[in-house]
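Student: I've got a new model on my screen and I'd like to go through it with you. Can we take it piece by piece?

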Amino acid sequence: MEIRLLAPPADPVFLPMTFPAYRHLLTVEVGPKLLGEAGSPPVQPVALGAFLGSEAVGLALLALPLGERETAELLSVYVVGEHRGKGWGKKLVQAAETVASNASFASLGVVWTEGGSGSQWWAKVSQELGWGPPERRTLSVLFTAQEALRFPWLDRFPVREGCEIVPFVSVTREEMEALKVSQEKSPWIAPDLVPWRYVEEGFEERTSVALRAPEGIMGWVINHALNAQWLRFTCSFIRKDWGRRGRILPLFSESIHRMVEAGFTLASFVAPVRHPTMVQFVEKHMAPWAQQARWTLGSTKKLQHQPQWVTRAG
Ligand SMILES: CC(C)(COP(=O)(O)OP(=O)(O)OC[C@H]1O[C@@H](n2cnc3c(N)ncnc32)[C@H](O)[C@@H]1OP(=O)(O)O)[C@@H](O)C(=O)NCCC(=O)NCCS
């Protein structure tokens, strides 16, 4: 068996060997890491095929980011059933490390779902290969529209007097400009939760809402349709010093009712650990009623740069 870099485009026989969300990367050409995902950063995909003679028996898929040059990402590893347990999965990981190292990346990272397929294998292999310990990255919940309608906080918290919840699409250019100016003067919005990027990148218009106060826009819940049935709550934020307990809940309540009206039957919400209040919110106010709540874990391996020109002596 040998491992080879796949020339673009990779043979379609490799398509089932990675996640549907990454299959477009098998063109092995620069493109967004995720299709249909506004703002998904461009990456150079690298596909490593494992072959037994001419038969394709495994695949490791990597994404080399074009902008930030620190960490490459190992997206998936697969070995066909009858060839498992012979060390090829581990060899594919080692080959991926070599590719990232030769491309001058300082580290290689991987993200997976706790308890998901391959996680026991990865626990063993990553330890053997000297990867860092797993760290929690996000807590994600998946819930149906019916489950959302049973959230005990739904409709329980009124909107603050003098304020109104409006469709995000109705936020004016002037209001958005005012937000930018106020953020520049004295930052109060977490950088990854600023709303203006979605004006350009797009959002689900029927369900995304904003909180309009006399002083300006103070909060937002911005969503994306993953398909006709599935809504993702992408970006939610409310000014910290604004109001009291339950302050973002009226926005979520409104958005959930709109989700039901728009015919979405499923929703997901992802809380990154860098936003601890969001994680607490999900743990306490969504997870107990959601059909699924799972942590994603990540680990990285520091790479030693191996210049390609090194040749063996003798
Ligand atoms: C996970 C997968 C890639 C492993 O490939 P593989 O070629 O069977 O793995 P290896 O033979 O290199 O395994 C290395 C070691 O892990 C062990 N191992 C393999 N599968 C394991 C599992 N499910 N649980 C625990 N250990 C496992 C092997 O026995 C081997 O141990 P050893 O070194 O003591 O002999 C393969 O099973 C697969 O393609 N699964 C479906 C896709 C998947 O889950 N991919 C991972 C997430 S993207």
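Tutor: Sure, and keep in mind that this is a predicted model. Let's start with a loop: Val-28 is placed in the loop between β1 and β2.

Student: What is phi of Val-28 near?

Tutor: Val-28 belongs to the loop between β1 and β2. Its phi is positive, although the residue is something other than glycine. The value is near 60°.

Student: Pro-9 is in the loop between β1 (2-5) and β2 (31-32) too, I see. Is the peptide bond from Pro-8 to Pro-9 cis or trans?

Tutor: Pro-9 is found in that loop between β1 and β2. For the bond that runs from Pro-8 to Pro-9, omega is near -15°. That bond is cis.

Student: On to the helices. Which word describes how α1 and α2 are set to each other?

Tutor: Helix α1 covers residues 88-102 and helix α2 covers residues 119-128. Their axes are 11 Å apart, and the packing angle is about 50°. An angle like that falls outside the roughly parallel class (under 35 degrees) and the roughly perpendicular one (65 to 115). The two helices are therefore oblique.

Student: And what is the handedness of the crossing of α1 and α2?

Tutor: The helices pack at an angle of about 50°. The crossing of α1 and α2 is right-handed.

Student: Which residues of α2 do Gly-89, Lys-90 and Val-93 in α1 meet, and how many residues of the contact are nonpolar?

Tutor: Gly-89, Lys-90 and Val-93 on the α1 side meet Trp-121, Trp-122, Val-125 and Glu-128 of α2. By class, the contact has 1 polar residue and 2 charged ones, and the nonpolar count is 4.

Student: Now the ligand. Which side chain has an N or O atom 3.0 Å from an oxygen atom of the ligand?

Tutor: There are 18 residues around the ligand, and Val-79, Gly-85, Gly-87, Gly-89 and Ser-117 come nearest. Gly-87 offers a polar backbone atom 2.7 Å from a ligand oxygen, and for Gly-89 the backbone distance is 2.8 Å. The side chain you asked about, at 3.0 Å from a ligand oxygen, is that of Lys-124.

Student: Last one: which residues is Ala-262 in contact with, leaving aside its neighbours within four places in sequence?

Tutor: Ala-262 is in the loop between α6 (249-261) and β12 (266-272). Its C-alpha atom is separated by 9.4 Å from that of Ala-228, 34 residues away along the chain. With those sequence neighbours set aside, the contacts of Ala-262 are Arg-206 and Thr-207.

Definitions and conventions:
Residues are numbered from 1 along each chain as its sequence is written. This is a predicted model: local features need pLDDT of at least 70, side-chain atom pairs count only at pLDDT 80 or more; totals for chains, interfaces and linings use all residues. Side-chain values use heavy atoms; hydrogens and water are left out. Axes are lines fitted to C-alpha atoms, for helices over the stretch in contact, and angles run from 0 to 180 degrees between N-to-C directions. Helices (H or I, at least four residues) and strands (E, at least two) are DSSP runs, numbered from the N terminus. Angles under 35 degrees count as roughly parallel, over 145 as roughly antiparallel, 65 to 115 as roughly perpendicular and the rest as oblique. A crossing is left-handed if the near helix is turned anticlockwise from the far one by less than a right angle, and right-handed if clockwise. Contact means heavy atoms within 4.5 Å. Ala, Val, Leu, Ile, Met, Phe, Trp, Tyr, Cys and Pro count as nonpolar, Asp, Glu, Lys and Arg as charged, and the others, Gly among them, as polar. A residue is near a molecule or strand if one of its heavy atoms lies within 4 Å of it. A polar contact is a pair of N or O atoms within 3.5 Å; within protein, one must be able to donate a hydrogen and the other to accept it, and residues adjacent in sequence count only if both atoms are side-chain atoms.
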